[in-house]
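The exercises below are meant to be worked with the model open beside the text. Each task is followed by a solution that proceeds step by step.

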Amino acid sequence: MVASLVEAIPSTDFGDVELVSVTESKFDHRDLQSWGRGPWNGPVMDISFPDPALLIDGNVWWAYATSSGNTGHVPLAMSNDGNEWTWTEQDSMPDVGPWVDPSDKGIWAPSVFKNDNGKYVMYFSGKRTGARRCAGVATADYAQGPFNVTDKPFVCDDAGGGVIDPFQFDDGEYRWIIWKVDGNALGGKTTCTGSPSSGEYKPTPIRIQKVSRDGMTLQGSPKTILNHNGDADDGLIEGPAMWKRKPGSYVLFFSTHCYNSDQYDIQYAWGTAPDATFGYRKTLASSNPNQPIYGPGHMDIASDGTTIAFHGRDKPGNPSDTKRRMYTGKIKFPDDDYSEGIKVLNYQG
């Protein structure tokens, strides 16, 4: 396994990525405002907005989130600049469709793109009736929805524990779907399970598969590009996102540990192709008492190639009154040689 990782990674040192400047996204809401000057340079709406996904559509920025509280199946926020955000109060998926369990309509980790035909396509994770979670597809004529779910799920893996965190990726020629096999849902040694820890860690691989350019049809076979590192990750990785630095240079962002743990973090790894084995792992963001975001994770990168979004809790230890709020930051990939490293820009420019 180690040999295959080494063979897949270019010999050139890519340099480290650091997250040194973040801003808590500004949510504006008429009736539920809870203003306060926070440490991240902005007032915040008192709602959770977990697993944020970004879409730039013309001059408008959209952010989509996992179901949380009474904010809808897929909560929606908008911005004119990627900095100041407004919660729209709109559910971008008012109907979860025919295959999602009516007793568990929670929609997780949406990922949205505009396909070559001008349709907006959302990948998401939903619980199938009588089974585990699958990746689904929904389409809309507008970025804000309403998104209509297809009749059948897109990717399922009940034996592996289910499918969560589907992410869309376009390398400029081929389109892909990336997901996590939710092995920790089956139990095992990890602390991130609903049952007592026991035995060995279950695999939680990040997998990738080609799809048609419209994003609606699977092509070829899935391939595992990364798995957890046992105790170092508490037996799980999740929340994949990918960026193409240039041909032959791809970055896979992901989170490790349990989502409700202060050890939840954002890491990244490098590969030579979207479906290569990824390695050369580094940490991008983690909990820090001097930077009071706890359990930062589930990152997305906007199509501008510099703006990232992720969620983090505002209190340590995951108390019942905590929120998973959306945060944003700026990163810059090197213009020339990797030895320059990846720079982090001051969010305010």
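A residue counts as buried when its relative accessible area is under 20%, as exposed when it is over 50%, and as partly exposed in between. The model is a predicted one, and residues are numbered from 1 along the chain as its sequence is written.

**Exercise 1. Determine how the disulfide of C134 and C156 is placed, and classify each of its cysteines as buried, partly exposed or exposed.**

Solution. Begin with the bond itself: C134 and C156 are joined by a disulfide with an S to S distance of 2.1 Å, one of two disulfides that the structure holds. The pair links distant parts of the chain, since C134 belongs to strand β8 (residues 133-140) and C156 to strand β10 (residues 155-156), 22 residues apart. Next take the torsion about the S-S bond, which is about 110 degrees, so the disulfide is right-handed. Finally apply the cut-offs: C134 has a relative accessibility of 0% and is therefore buried, whereas C156, with a relative accessible area of 34%, is partly exposed.

**Exercise 2. Work out which parts of the chain the disulfide of C192 and C258 ties together, and give the pattern of the disulfides.**

Solution. The sulfur atoms of C192 and C258 are 2.2 Å apart in this disulfide, and the link is right-handed, with 55 degrees about the S-S bond. C192 lies in the loop between β12 (175-181) and β13, while C258 lies in the loop between β16 (249-256) and β17 (265-271), so the pair ties together parts that are 66 residues apart in sequence. C192 and C258 are both buried. When the bonded cysteines are counted along the chain, the disulfides follow the pattern 1-2, 3-4.

**Exercise 3. Classify the aromatic pairs W99 with F124 and Y268 with W270 by their geometry.**

Solution. A search of the whole structure finds eight aromatic pairs, including that of W99 and F124, whose ring centres are 5.8 Å apart and whose planes meet at 15 degrees, so this pair is stacked. W99 lies in the loop between β5 (85-91) and β6 (108-114), and F124 lies in strand β7 (residues 120-127), so the pair ties together parts that are 25 residues apart in sequence. W99 is buried at a relative accessible area of 6%, and F124 is buried at 0% relative accessibility. Turning to Y268 and W270, the distance from centre to centre is 6.4 Å and the angle between the planes is 85 degrees, which makes the pair edge-to-face; both of these residues are buried. A further step is to locate the aromatic cluster that F113, Y123 and F154 form.

**Exercise 4. Establish the strand order of the open four-stranded sheet and explain what is left at its edges.**

Solution. The four strands follow the order β11-β12-β13-β14, and their pairing is antiparallel. β11 (163-170) and β14 (218-226) stand at the edges with a single partner strand each, so one side of each has no neighbour in the sheet. From one strand to the next, the twist averages 25 degrees. For the pairing of β13 (residues 206-211) with β14, five antiparallel bridges are found, and V211 stands opposite L218 in β14.

**Exercise 5. Find which aromatic rings lie beneath K210 and K282.**

Solution. The charged end of K210 sits over the ring of Y174, at 3.7 Å from its centre. K282, in turn, lies over the face of Y280, at 5.6 Å from the ring centre.

Methods
This is a predicted model: local features need pLDDT of at least 70, side-chain atom pairs count only at pLDDT 80 or more; totals for chains, interfaces and linings use all residues. Side-chain values use heavy atoms; hydrogens and water are left out. Two strands pair if DSSP finds at least two bridges between them. Helices (H or I, at least four residues) and strands (E, at least two) are DSSP runs, numbered from the N terminus. Axes are lines fitted to C-alpha atoms, for helices over the stretch in contact, and angles run from 0 to 180 degrees between N-to-C directions. Rings of Phe, Tyr and Trp (its six-membered ring) pair if their centres lie within 6.5 Å; planes under 30 degrees apart count as stacked, over 60 as edge-to-face and the rest as tilted. Buried means under 20% relative accessible area, exposed over 50%, partly exposed in between (1.4 Å probe, protein chains only). A charge sits over a ring if NZ of Lys or CZ of Arg is within 6 Å of the ring centre and within 35 degrees of the ring normal. A disulfide is a pair of cysteine sulfur atoms within 2.5 Å.
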